[in-house]
Amino acid sequence: MSAVVADAPLRPHRGVSASGYLVCLGGIVWRESLRFLHQRGRFLSALVRPLVWLFIFAAGFRATLGVSIIPPYETYILYEVYIAPGLMAMIQLFNGLQSSLSMVYDREVGAMRILLVSPYPRWFLLVSKLVAGIAVSLLQVYAFLLVAYFWDVRPDDPMGYLYVLPALILTGFMLGAMGLAMSSVFKQLENFASVMNFVIFPMFFASSALYPLWRVQQSSELLYFICTYNPFTHAVELIRFALYGQLEWTALAVVAGCSAVFLTAAVLAYDPSTGLTARRGGPDAAK
Amino acid sequence: MPNALRPTMALALAGASLAGLLAATAPAEAGKIFVTNERDHNMTVLDSESLKVLATVKTGRRPRGLIASPDNKLIYVCASDDNRVEVYDPNDYKLIKTLPSGPDPELFVLHPSGNPLYIANEDDALVTIVDTQSGQVLGEIPVGVEPEGMGISPDGKVLVNTSETTSMAHFIDTSTKQIVENVLVDTRPRVAQFTPDGKFTWVSAEVGGTVSIIENAKHEVVKKLNFEIPGVNAEAIQPVGIRISKDGSTAFVALGPANRVAVVDVKTFEVKKYLLVGQRVWQMAFSPDEKTLYTTNGNSNDVSIIDVESMKVTKSVAVGRGPWGVVAVP
């Protein structure tokens, strides 16, 4: 066990070129994309879930909530326009956690072992996995934006679709890294139901995705406090402002900071010497 | 504070060239937007470019109707609770003079030549004619109960007044000062507006929820516009203000508590779009170049700015309490 750890950083020097890294990254991204595209049900549900919110939930609130002006908006907006960034972040949240679920699956079926015996450092493999997850989430988000466009939910300036891309990459990174860090503690696939209950729903509902924070503050100071410290709120706001060609510095700082923390946690968790996988009886522990 | 995000050089260059283009086509001097605030008893003056408040001018009590003279050198304000019309200088915002108006003036219209002024007196069922130069009352025309909307034909020969309780549009010959025809429209007509070719008059019915289009030669309603907005109760759709572009192609109808402005194709009578603005939108005014439309939102105390070409609401700007009338001058 310890020999594996000691060797890991040295391996790249043994005949692994820089282009080899790219091949590795490309392979992981390609595998994830193929897996996503072959799981039509997953693509469909990834698209249908936010559209249900947009078409049904938002339509019900259309008349009652289309009243307030908060930055980055400069005039009154319909409720569906308000929740669109929240739904984009929701797509990424689900994707980040489903991607992490696939790590559990990989571990169960033994595919992870193939990955882990590759001569690349562990952090690189994890980042590659993250990049793959982000690529898949971007595909989902832009598919959602395309449908939303025909529902008249679109940014004022079409350039917003471009401005939002860096924000989506960053929020995808944060939510993916969070999923990775969490996946290290799951032993079985079935745990995803608890993830839904204890992670996705609280993060989504206790954020600015569905209601402006001033409205939350009017009903509950405690909830407002929770929302303010929820990284998902900042992911939503980063996307919201970027869609309107603006940069929200606080959101950027929080998302970047949380990304770093989650990634470090994931790298540590998947490191056989320090991580939880070994202690919790992962495949590495069996060696 | 959020800053503009300009991620790449290419975008920066594109932005710079766009800015250059805008600078080349921008008017040399920004115009002004005047808004009467009926609950604050004053008038807000906005810069049409920056949309910043330039001044807040104290007026008579409950200022409502607001128009500019054809040469844009005078601003007329109906001070409803002071029973007079006030005339302001749009440059220094000084009160130049007051004109008699009869009791409770609400809306008025100037003859296309700039004189006289026709004023609807809500409480007295009268239209008062006032000479803007001498301040003399030239005549009073008895009309239906609660007169409000005032429209005048482009040649100045026909005046249309709507009476809210009688639900009629009264066609008045301006030379004889007599009603020539009364046309029944839907309940509570608020505003009358001639098409630029003078052939039709559009009359909004606030409670009826419709806009009647009257052919002036026959004095007949030839078309009634209905409005349907998904998710908004039919009772909330209360048409008030109407503006028709000078080229006669597009009409805008303010729908009151529906918080929407309907964009209507004048030729086909098709509602092309509903634009979300502030709460209880009543009156509207075009900018002098008709590229922009301003709406007064009485309950949310702001003015929404509509880009006419793209049919988009670009911004909403806070003014005083109960914004009512609006006019834009160069």
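Here is a short walk through two parts of this predicted model: chain A as a whole, then a run of strands in chain B.

Let's start with chain A. Its secondary structure is mostly a matter of helices by count: 14 of them, against one strand. Chain A has 287 residues, and 41% of those count as buried. How are its contacts spread along the sequence? If you take the contacts in chain A between residues at least 6 apart, 78% of them join residues at least 24 apart.

Now hop over to chain B and look for strand E22, residues 250–254. Four of its five residues are buried, so E22(B) is largely enclosed by the rest of the structure. Here "buried" means that 20 or more other C-beta atoms lie within 10 Å of the residue's own.

What does E22(B) pair with? One partner is strand E21 of chain B, residues 242–244, in the antiparallel sense over three bridges. To find that pairing on screen, go to B:Ile242, whose bridge partner in E22(B) is B:Val253. The two strands form a hairpin with five residues between them. In the turn you'll meet B:Gly248, which has a positive phi of about 70°.

Carry on along the chain and E22(B) also pairs with strand E23 of chain B, residues 260–265. This pairing is antiparallel too, and runs over five bridges. A handy landmark is B:Thr250, with B:Asp265 as its bridge partner in E23(B). E22(B) and E23(B) make a hairpin as well, with five residues between the strands. The glycine to look at there is B:Gly256, where phi is positive and near 55°.

Technical notes: Residues numbered from 1 in each chain as written. Chains lettered and ligands numbered in written order. Predicted model: local features only at pLDDT ≥ 70, side-chain atom pairs only at ≥ 80, totals over all residues. Buried ≥ 20, exposed ≤ 12 C-beta atoms within 10 Å, placed from the backbone. Contact = placed C-beta atoms within 7 Å. Pairing = 2+ DSSP bridges.
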